[in-house]
Amino acid sequence: MPVRPKSDLRSSEITPESVYLDRRGFLSAAGALGAGAIAAVGGFSSIAGAQQPQAIGKPFGLQPDDKPTPWEDVTTYNNFYEFGTGKGDPSETAGKFKTKPWTVRVNGLVNKPADYQLEDFLKPSVVEDRIYRHRCVEAWSMVIPWRGIPLADVIKRAEPNSKAKFVEFTTLMDPKQMPGERSGVLPWPYTEGLRLDEAQHPLALLATGVYGRVLPNQNGAPLRLVLPWKYGFKSIKSIVRIRLTDSQPKTAWNQAAAQEYGFYSNVNPAVDHPRWSQATERRIGEFLKRKTLMFNGYAEQVGSMYAGMDLRVNY
Ligand SMILES: Nc1nc2c(c(=O)[nH]1)N[C@H]1C(S)=C(S)[C@@H](COP(=O)(O)O)O[C@H]1N2
Ligand SMILES: [Mo]
């Protein structure tokens, strides 16, 4: 029997590793008891029959009542239209998606354009585990423990020239592997974009993993963006190109429905989607709705980038 890639493991086959993250204080028990307790705490939850890997990472912008969304939900409730428009489609159909070898092209208005094999693309950076809030434009949310490298590292290494003002991201175009790309639901390949300062913000992460594991295909393997202060569709999956430009890049969702999906798409409870309110959200796994927070709870960190902008116009 061929060895399945890690991304193909079922959650029931994955043993908890590392640190248990409790409801109130992240790593509080481990911190109080010392490093030796970490394994013991993880081990205990495994004996207790936990079916999911443990959330690891430094919390960013989490509210006191935020706790990681279970692995099962993070990996089976997905938006990845290349693999279908249903939430369950990506996890059911992306299993055979080939993510090795994977080339990332960095080009455009930079002094050092290059094609990288994924391993080389990642290597110079320190991989980090970070727990972020996630807010989909469809008014549901999660808390997700990502693993990745700062996007700013990659931008810096490329040496943007003085004309570079924006960054465009492109998903793999491969209709044979990605059946959604044979449909007209979006203009393919999926593209996204950021202003250069947004792309250099320390919260912008290029993720290669989730829950301390290699990214499952349905979550955007082998490389996807994570922008926790923006609606989820900005966090483009399965990236093959990062291009620096002097004009605002076209983006897939904006081209599909410009009046509904703007270039900025910062989470904003005061500006509704034309077809629904953005004031509240449903946290996956919870019954009662939550209030949506400005910039998804990251206003302190990102607010200054949008000072003086009319966020109703620049939605
Ligand atoms: N290439 C591509 N990237 C994508 C999407 C997509 O359909 N195609 N969906 C976006 C949307 S709407 C959301 S909410 C997030 C979902 O990420 P997750 O499934 O890992 O939670 O991915 C975003 N990135
Ligand atoms: Mo989304």
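Tutor: A salt bridge is a side-chain nitrogen of Lys or Arg within 4 Å of a carboxyl oxygen of Asp or Glu. This is a predicted model, in which local features need pLDDT of at least 70 and side-chain atom pairs count only at pLDDT 80 or more, whereas totals for chains, interfaces and linings use all residues. Residues are numbered from 1 along each chain as its sequence is written, chains are lettered from A and ligands numbered from 1 in the order in which they are written, and side-chain values use heavy atoms, without hydrogens and water.

Student: What makes the contact of Asp115 and Arg105 a salt bridge?

Tutor: Their side chains meet at 2.8 Å, N to O. The cut-off is 4 Å, so the pair qualifies. Asp115 belongs to strand E3 (residues 114-117) and Arg105 to strand E2 (residues 103-108), ten residues apart; strands (E, at least two residues) and helices (H or I, at least four) are DSSP runs, numbered from the N terminus.

Student: Why is Asp115 called partly exposed?

Tutor: Buried means under 20% relative accessible area and exposed over 50%, with partly exposed in between (1.4 Å probe, protein chains only). Asp115 has 45%, and is therefore partly exposed.

Student: Why is Glu198 called buried?

Tutor: Its relative accessible area is 0%, so Glu198 is under the 20% limit. Its partner in a salt bridge is Lys230, with the closest N and O atoms 2.7 Å apart. Glu198 lies in helix H7 (residues 196-199) and Lys230 in the loop between strands E10 (224-226) and E11 (239-245), so the bridge ties together parts 32 residues apart in sequence. Lys230 is buried too, at 1%.

Student: What makes Arg133 and Asp66 a salt bridge?

Tutor: Their closest N and O atoms are 2.6 Å apart, which is within 4 Å, so the criterion is met. Arg133 is in strand E4 (residues 128-135) and Asp66 in the loop between strand E1 (58-59) and helix H3 (71-76), so the pair joins parts 67 residues apart in sequence. Both residues are buried, and both belong to a salt-bridge network that includes Arg135 and Glu281.

Student: What makes the approach of Lys237 to ligand 1 a polar contact?

Tutor: A polar contact is a pair of N or O atoms within 3.5 Å; within protein, one must be able to donate a hydrogen and the other to accept it, and residues adjacent in sequence count only if both atoms are side-chain atoms. A side-chain N or O atom of Lys237 is 2.7 Å from an oxygen of ligand 1, so the pair qualifies. The protein buries 98% of the 530 Å² that ligand 1 exposes when taken alone (Shrake-Rupley method, 1.4 Å probe; for residues, only the protein chains shown count as cover).
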